[in-house]
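Here are my notes on the model you sent round. I've gone point by point, so have the structure open while you read.

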Amino acid sequence: MAMAGRFRSSLPLLNRLIATADSVSAQRSAVQRSLLCPAFPASECSRNFATASTPKAENVKVPLALFGGTGNYASALYLSAVKANALDKVESELLDLVEASKRSTTFAQFTKDLSVPKDVRMKAINAICDEAKLSDITRNFLVVLAENGRLRNLESIAKRFIELTMAHKGEVNVTVTSVIPLPPEEEKELKETLQDIIGKGKKVRIQQKIDPSILGGLVVEFSQKVFDMSIKTRAKQMERFLREPITDIF
């Protein structure tokens with residue numbers, strides 16, 4: 001991805017910025033105490049990340065009620081993105097950033113290091129945003145996370161944000177577990193079947209998961225429902241049946 005490439009190119013600068021933290025050790029204890037607090041005050045998430053919004057967009061509401069600190073941040077980001085008509089762009093940038101962070105141990109350590117002073121976090125995030133050419137909404141969101149010491153929650157917030165974007169688009173995430181990846185034709189047929197089950201007005205999004213331990217068959221999960229059609233489960237059911245005592249009916 002282009003954004004991921006630009007992100008990686010900014011890592012040398014990130015290393016230099018982190019290195020400067022060694023000269024400000026006096027600030028670390030205070031910063032670390034503030035970051036160790038597990039709570040997410042509502043005031044942290046109240047900032048509107050959008051630079052501007054139209055009057056018509058002021059009545060925007062989240063399509064799904066999320067709770068907890070990560071839910072608050074995700075909801076605030078969603079509202080700002082919708083008001084700015086930039087939901088798809090922000091979603092793409094957020095996913096690219098999470099993926100890029102998984103490939104960079106430097107960035108991953110940076111987001112989780114509670115001893116990094118606030119000014120270093122802010123400079124590093126702004127440098128990354130400049131290099132990756134992120135939108136103002138995503139930049140403002142990351143700056144808020146850096147300012148509040150919540151960068152370590154980026155991936156969790158991104159997952160909650162995706163829940164909101166899927167609800168906004170009327171999409172239903174379906175996890176299909178199999179021993180090997182489904183061939184395109186089988187995936188298409190399964191998607192059509194699930195679409196009939198879920199009904200009109202919803203769009204099925206299939207996420208494949210590979211798990212050899214199920215031995216064969218499929219396990220389909222969506223909307224807190226589980227359809228276990230795996231060979232492993234069938235074998236257990238058969239085993240229980242065979243272990244049941246035979247009752248003489250004569």
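1. A word on labels before anything else: helices (H or I, at least four residues) and strands (E, at least two) are DSSP runs, numbered from the N terminus. With that in hand, Phe-241 can be placed in helix α11. Keep in mind throughout that this is a predicted model.

2. The overall picture. The protein chain has 11 helices and 4 strands. Of its 250 residues, 40% are buried. Among contacts with a separation of 6 or more, 74% are between residues 24 or more positions apart. The accessible surface is about 14,600 Å², and carbon and sulfur atoms account for 55% of that.

3. The sheet. Reading across, the strand order is β2-β1-β3-β4, in an open sheet with mixed pairing. The edge positions go to β2 (203-210) and β4 (225-230); each has a single partner strand, so one side of each is left without a neighbour in the sheet. From one strand to the next, the twist averages 20°.

4. Inside the sheet. As a reminder, strands of a sheet pair through backbone hydrogen bonds, either parallel or antiparallel. For β1 (residues 171-178) and β3 (residues 217-222), the pairing is antiparallel, over 3 bridges. If you want a residue to click on, try Thr-175: its bridge partner in β3 is Glu-221.

5. Helices against the sheet. Helix α9 (residues 154-169) lies across β1 and β2, and runs at about 115° to β1. Helix α11 (residues 231-243) lies across β3 and β4 instead, at about 80° to β4.

6. A greasy spot to look at. Met-238, Phe-241 and Leu-242 make a nonpolar surface patch of about 370 Å². Is Phe-241 buried or exposed? Phe-241 has a relative accessible area of 56%, and exposed means over 50%, so Phe-241 counts as exposed.

7. Salt bridges, starting with α9 and α5. The count comes to 9 salt bridges. One of them joins Lys-169 to Glu-91, with the closest N and O atoms 2.9 Å apart. Lys-169 sits in helix α9 and Glu-91 in helix α5 (residues 87-103), so this pair ties together parts that are 78 residues apart in sequence. The two ends have different surroundings: Lys-169 is partly exposed at 35% relative accessible area, whereas Glu-91 is buried at 7%. Asp-88 belongs here too, since a network of salt bridges links Asp-88, Glu-91 and Lys-169.

8. Another link between those helices. Glu-155 forms a salt bridge with Lys-102, the closest N and O atoms being 3.6 Å apart. Glu-155 lies in α9 and Lys-102 in α5, so parts 53 residues apart in sequence are tied together by this pair. Glu-155 is partly exposed, with 35% relative accessibility, while Lys-102 is exposed, with 55%.

9. One more pair worth a click. Arg-139 and Asp-130 meet through their side chains in a salt bridge, at 2.3 Å from N to O. How accessible is Arg-139? Arg-139 is buried, with a relative accessible area of 18%; the cut-off for buried is under 20%. Asp-130, by contrast, is partly exposed at 49%.

How values were computed. Residues numbered from 1 in each chain as written. Predicted model: local features only at pLDDT ≥ 70, side-chain atom pairs only at ≥ 80, totals over all residues. Heavy atoms only, no water. Pairing = 2+ DSSP bridges. Axes fitted to C-alpha atoms, helices over the stretch in contact; angles between N-to-C directions. Contact = heavy atoms within 4.5 Å. Patch = residues over 30% accessible without salt bridge, like charges linked within 9 Å, V, L, I, M, F, W, Y side chains within 5 Å. Areas by Shrake-Rupley, 256 points an atom, 1.4 Å probe, with all protein chains shown as cover. Salt bridge = Lys/Arg side-chain N within 4 Å of Asp/Glu carboxyl O. Buried < 20%, exposed > 50% of the residue type's maximum accessible area, 1.4 Å probe, protein only.
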